[in-house]
Amino acid sequence: MDMMNYESTRNKNLNFKASKAILQGLSDDGGLFVLRDLNKKKIDFSQFLDKNYYEIAIEILKIFLGDFTKEEIKECVYRAYSHKFKTEDITPLVKVGDNYVLELFNGPTSAFKDIALSLLPHLTEVALKKNNETKDILILTATSGDTGKAALEGFKNVPKTNIIVFYPNNGVSKVQELQMKTQEGKNLKVCAINGNFDDAQRGVKALFTDKDFINFLEKKNLKLSSANSINIGRLIPQMVYYIKAYLELVKNTDIEFGDKVNFVVPSGNFGNILAGYYTKLLGLPINKLICASNENNILYDFINMGIYDRKREFLKTNSPSMDILVSSNLERLLYYVSGQDNEYVKELMDNLNTFGEFQVSKTILDNIQENFGSGYATNQETKQIIKEIYDKENYLLDTHTAVAFKVLMNNNDKKHKNIVLATASPYKFSDSVYSSLFDDKIDDEFEIMNALSQKTKGEIPKNLLDLNKKPILHSDVIEKNKMKEYILEKLEGLL
Ligand SMILES: *Cc1c(COP(=O)(O)O)cnc(C)c1O
């Protein structure tokens, strides 16, 4: 097998092994790592019918991690998931009315990011050994709320790694903020920036191609990496639950093997839904992947018109983890739908950088629309659907999952089974969820959380329950153009 099978979306000649792609995060030319010829590999998923979550994960990782041994993969998977999630099936599938909800939020930080970020640190450790890397890793992460906490939790005290997380000041929920500010661990820093998520992500991405900065790190014996979904090690673990959910419907005789289903995905950086697209390329019987956006509906516009125009106002919504205007992983989709045309992808990305927009050809738009549906929900609609589903089905949606549910209701396709991906615990967004259901006003976030639990007879995840008793360990706030200076200053404290 060809080991050097990852390339940059923007340059065919930049080739890497899987372990290098994971360690590096982003290609030197600013492109994203993609597995070549993914569309030519086909899997007979009926072989996986008897496999559990762990076993499916191992099979998928084997395809994508060409230079990892089966033993290494197995060890990573078990260390990542056993006894870390609420249930041993990791991602329970729940019937809600005529539809299904795939719960991805039962991990250590109550967000779907836990699934990938529980595994990534283990993959990183193996990759370091494999490459005889003498340097330590410095992970820089921009977060719209959930990635930060899940990455901190995943990488805390992992040998040979350090992590710095940037989040938008006043741009995340109270609970998300507290989760990060109370994070313990010797190898990490957390910092708010006066800017939005896009500012944080742009700042981080710029450092990956900043030669002076990289040289400086080299001298400190450090190597840069990323825990954002630009890292291929984040995407691969996310494929597993699409496969598991599909096979579960087959096993429950809700569908026959081969019947197509729809997945509705609350989307921001386009990482979660892209993992679904990867499973479709490998042959999982998917009709449409339905991309659900909030009022920052740039992906909705793109999927409908083929024009990606980021020159618009950034809105703060009640689903803050989806408040994003530059969806990095779209670049990977463009690579595959263009038939792996790196030059074309580079041209589009140059247009985005120079003019703030790009437009794809008719052929490419047709291809995208064959695979993807799209829709969006306003803040008001999000709150209404939370109430409607709670009243009708006695099921509590968080605001992000509610966006997806609303989009499902709008393009209700009765010919196929529909699976909504639930990306966060409702208790992470207690304020918005509570005020969708009840009229009384409570000020304190934790009193709201308790009231929500009592009135809906639901259980607050333990990691959230203890949060207000923990000491605040991080309270740095900086201007958005000072990220580099901040890192240089803080490195002394970390090393
Ligand atoms: C990150 C996140 C999303 C968006 O996922 P992407 O992979 O960035 O598209 C949706 N919902 C929640 C709760 C999230 O944390």
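Which polar backbone atom is 3.2 Å from an oxygen atom of the ligand? To find it in this predicted model, select the ligand and then Gly271, since the tour starts there: the backbone of Gly271 supplies the polar atom that sits 3.2 Å from a ligand oxygen.

Keep the ligand selected and add Asn272, where a polar backbone atom is 2.8 Å from an oxygen atom of the ligand. Next add Asp146, whose contribution comes from the side chain, with an N or O atom 2.6 Å from a ligand oxygen. Taken alone the ligand exposes 380 Å², and the protein buries 98% of that. If you now display the 15 residues around the ligand, those that come nearest are Lys113, Asp146, Gly268, Asn269 and Asn272.

Move on to helix H9, which covers residues 211–219, and look at its start, where a side-chain oxygen of Asp210 reaches to within 3.2 Å of the backbone nitrogen of Asp212. Then look beyond the helix to Asn221, which follows H9 and has a positive phi, near 65 degrees.

For the last stop, select helix H17, residues 379–393, together with helix H18, residues 399–410, whose axes come within 8 Å and cross at roughly 85 degrees. With that crossing angle, H17 is roughly perpendicular to H18. To see how the two helices meet, show the side chains of Glu381, Thr382, Ile385, Ile386 and Ile389 on H17, and those of Thr399, Ala402, Val403, Phe405, Lys406 and Met409 on H18, as these residues make the contact. Colouring them by class will show seven nonpolar, two polar and two charged residues in the contact of H17 with H18.

Key
Residues numbered from 1 in each chain as written. Predicted model: local features only at pLDDT ≥ 70, side-chain atom pairs only at ≥ 80, totals over all residues. Heavy atoms only, no water. Axes fitted to C-alpha atoms, helices over the stretch in contact; angles between N-to-C directions. Helix = DSSP H or I, 4+ residues; strand = E, 2+ residues; numbered from the N terminus. Parallel < 35°, antiparallel > 145°, perpendicular 65-115°, else oblique. Contact = heavy atoms within 4.5 Å. Nonpolar A, V, L, I, M, F, W, Y, C, P; charged D, E, K, R; others polar. Near = heavy atom within 4 Å. Polar contact = N/O pair within 3.5 Å; in protein donor to acceptor, adjacent residues only side chain to side chain. Areas by Shrake-Rupley, 256 points an atom, 1.4 Å probe, with all protein chains shown as cover.
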